[in-house]
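Hello,

Here is the structure I said I would pass on. Please look it over before reading the notes underneath.

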Amino acid sequence: MEVLKKSEISRGSNMMASTSNLSNGFLSICPSSSKGDYYEESSPKIVAGDEGYVFEDVPHFLDYIPKASTYRNPLQDNPAYAVVKQYFVDPNDTVAQKVVVHKNSPRGIHFRRAGPSQRVYFESDDVHACIVTCGGLCPGLNTVIREIVCGLCHMYGVKRVVGIDGGYRGFYSRNTIPLNPKVVNNIHKRGGTIIGTSRGGHDTKKIVDCIQDRGINQVYIIGGDGTQKGAAVIFEEIRRRGLKVAVAGIPKTIDNDIPVIDKSFGFDSAVEEAQRAINAAHVEAESTENGIGLVKLMGRNSGFIAMYATLASRDVDCCLIPESPFYLEGKGGLFEYIEKRLKENGHMVIVVAEGAGQELLSGSSKSTDQRDASGNNLLQDVGIWLSHKIKDHFAKQKKIGQQKMTINLKYIDPTYMIRAIPGNASDNVYCTLLAQSAVHGAMAGHTGFTVASVNGRHAYIPFHCITEKQNKVVITDRMWARLLSSTHQPSFLSQTDVAKNIDK
């Protein structure tokens, strides 16, 4: 029997073949159980097929409740869906993680395709669902809440849906918020989350005790990678207790730093709103002699918002992100480039992601030891630091062309304005599809999964696939090259730096 190695599936160790799960001619591969750093997790459902096909399936009630009852999906009688041919997904449908391959390369990792199933594992009257939002704000949160509620009620006839007030700690410290289609009807037009949010507060035993005591059997968890790690722990405890409770995650990060998925909801809205700040900085800069507009955007460890906002704007002369180190002084440094652009154009716009240049800030080694309630490193304000550095540089008695250069710098930080807006049209559609896919998955008995778009198709993804690493800008990729071509900024990289990034 074939045994998959970590290098072949990018997952786990101590892999051993098992003949207990043979279906559709595939060999099921499960790892020996071992205790991880975060929690003791159940064996991933990994299926190997021909020509390097690997199927990373998500958990199901039947894995630990073999006699779970099934019912006819009420969507079969719903007039809105009865006219749609092939509305129900085939149980053998999978979505490829990679679509660009060579002729002889392995087919690679696949995920279960999201969508409604012919059979469901809940009767509508028995469903008691809850929704919780955790972490920072993000455009589209209320849309996801709305569509989960409306999906459960309108598509499946569910009567009991509640919101958990104020994040994870709301499970055990606050009352629930009753939700129905009337309550959530217009919330997609508002920013924030109507059920509140918070960082931290995760206590697995208390949370699962609350779920069990309140008779909740569907849990929808909206949050970033830290929140999804917490959701994975909740699922494992629910599974250990043998409870028929579906745990579905919907990934939320305005930074777009979750791996595997195409993008996270709210990202498009954030990029669009960032244009307002960049435009204001450009107007300020070009209206004065030697004007500099400096805009700080979100991006703790990943510079996607800054990169895409820069590409969309075309008014930006320099974009600084965490993935691309830069330096200030000397030949090829930032100061030299600023002086060059001011001499050429008389003004310039700089966009900096909040996580950029942290290694340059004084005392940054101390700041990395401090973390917020979500476990994220506390960052120093690179925007204010950089604005002071630029001003100090030009305040020196340095002459350029026998004349002293006086600058006018305007600093804009729109961070919390961007986070608080409602989702735009694109994100609202995406949020609707995410929410409905999560509802379909939970009703079909899937659990311990997150839902997202992978290569344009919605899929159910095991938690571990999105929490093991972060998605980051690849500065040796074409998109970053397009940005450098647009801004004409130096790469700030040596040949050694380029080689290191290619090796990654």
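The notes below cover a sheet, two helices, the salt bridges and one glutamine.

One caution before the details: this is a predicted model.

The sheet

Four strands make up an open sheet, in the order E15-E16-E14-E19, with parallel pairing. The edges are taken by strand E15 (318-320) and strand E19 (408-412); each has a single partner strand, so one side of each has no neighbour in the sheet. From one strand to the next the twist averages 15°. Strand E14 (residues 291-297) pairs with strand E16 (residues 347-353) in the parallel sense, over 7 bridges. In that pairing, Ile 292 is placed opposite Met 348 of E16.

The helices

Helix H11 (residues 382-395) lies across E14, E15, E16 and E19, and runs at about 160° to E14.

Helix H7 (residues 267-286) has 20 residues, which at 1.5 Å a residue should span 28 Å. Its end C-alpha atoms are 28 Å apart, so the model agrees with the expected span. Which residues of H7 are buried? They are Phe 267, Ser 269, Ala 270, Val 271, Glu 273, Ala 274, Ala 277, Ile 278, Ala 281, His 282 and Ala 285. In an α-helix there are 3.6 residues a turn, so residues three or four places apart point the same way. The buried residues of H7 pack against three strands or helices of the region already described, namely E14, E16 and E19, and also against helix H8 (304-313), helix H12 (415-419) and helix H13 (425-443).

Salt bridges

The structure contains 18 salt bridges. Side chains of opposite charge can pair when their charged atoms come close. Three of the pairs, and one network, are set out here.

- Asp 57 and Arg 112 meet through their side chains at 2.9 Å, N to O. Asp 57 belongs to strand E4 (residues 53-57) and Arg 112 to strand E7 (residues 108-113), so this pair ties together parts that are 55 residues apart in sequence. Both Asp 57 and Arg 112 are buried.
- Arg 174 forms a salt bridge with Asp 165, with 3.5 Å between the closest N and O atoms. Arg 174 is partly exposed, at a relative accessible area of 40%. Asp 165 is also partly exposed, at 22%.
- Asp 381 and Lys 296 meet in a salt bridge at 3.3 Å, N to O. Asp 381 sits in the loop between helix H10 (364-367) and H11, while Lys 296 is in strand E14, so that the pair links parts of the chain 85 residues apart. Asp 381 is partly exposed, with a relative accessible area of 30%, whereas Lys 296 counts as buried because its relative accessibility is 9%, under the 20% cut-off.
- Lys 205, Asp 209, Glu 237, Arg 240 and Arg 241 are joined into one network by salt bridges that share partners.

Gln 218

Is Gln 218 buried or exposed? Its relative accessible area is 0%, so Gln 218 is buried. Gln 218 is found in strand E12 (residues 218-223). Its side chain makes a polar contact with the side chain of Tyr 220, at 2.5 Å. Neighbours within four places in sequence left aside, Gln 218 is in contact with residues including Phe 122, Val 127, His 128, Ala 129, Cys 130 and Leu 152. Val 245, Ala 246, Ala 442 and Met 443 are also among its contacts.

Regards

Methods
Residues numbered from 1 in each chain as written. Predicted model: local features only at pLDDT ≥ 70, side-chain atom pairs only at ≥ 80, totals over all residues. Heavy atoms only, no water. Pairing = 2+ DSSP bridges. Helix = DSSP H or I, 4+ residues; strand = E, 2+ residues; numbered from the N terminus. Axes fitted to C-alpha atoms, helices over the stretch in contact; angles between N-to-C directions. Contact = heavy atoms within 4.5 Å. Expected span 1.5 Å × (residues − 1). Buried < 20%, exposed > 50% of the residue type's maximum accessible area, 1.4 Å probe, protein only. Salt bridge = Lys/Arg side-chain N within 4 Å of Asp/Glu carboxyl O. Polar contact = N/O pair within 3.5 Å; in protein donor to acceptor, adjacent residues only side chain to side chain.
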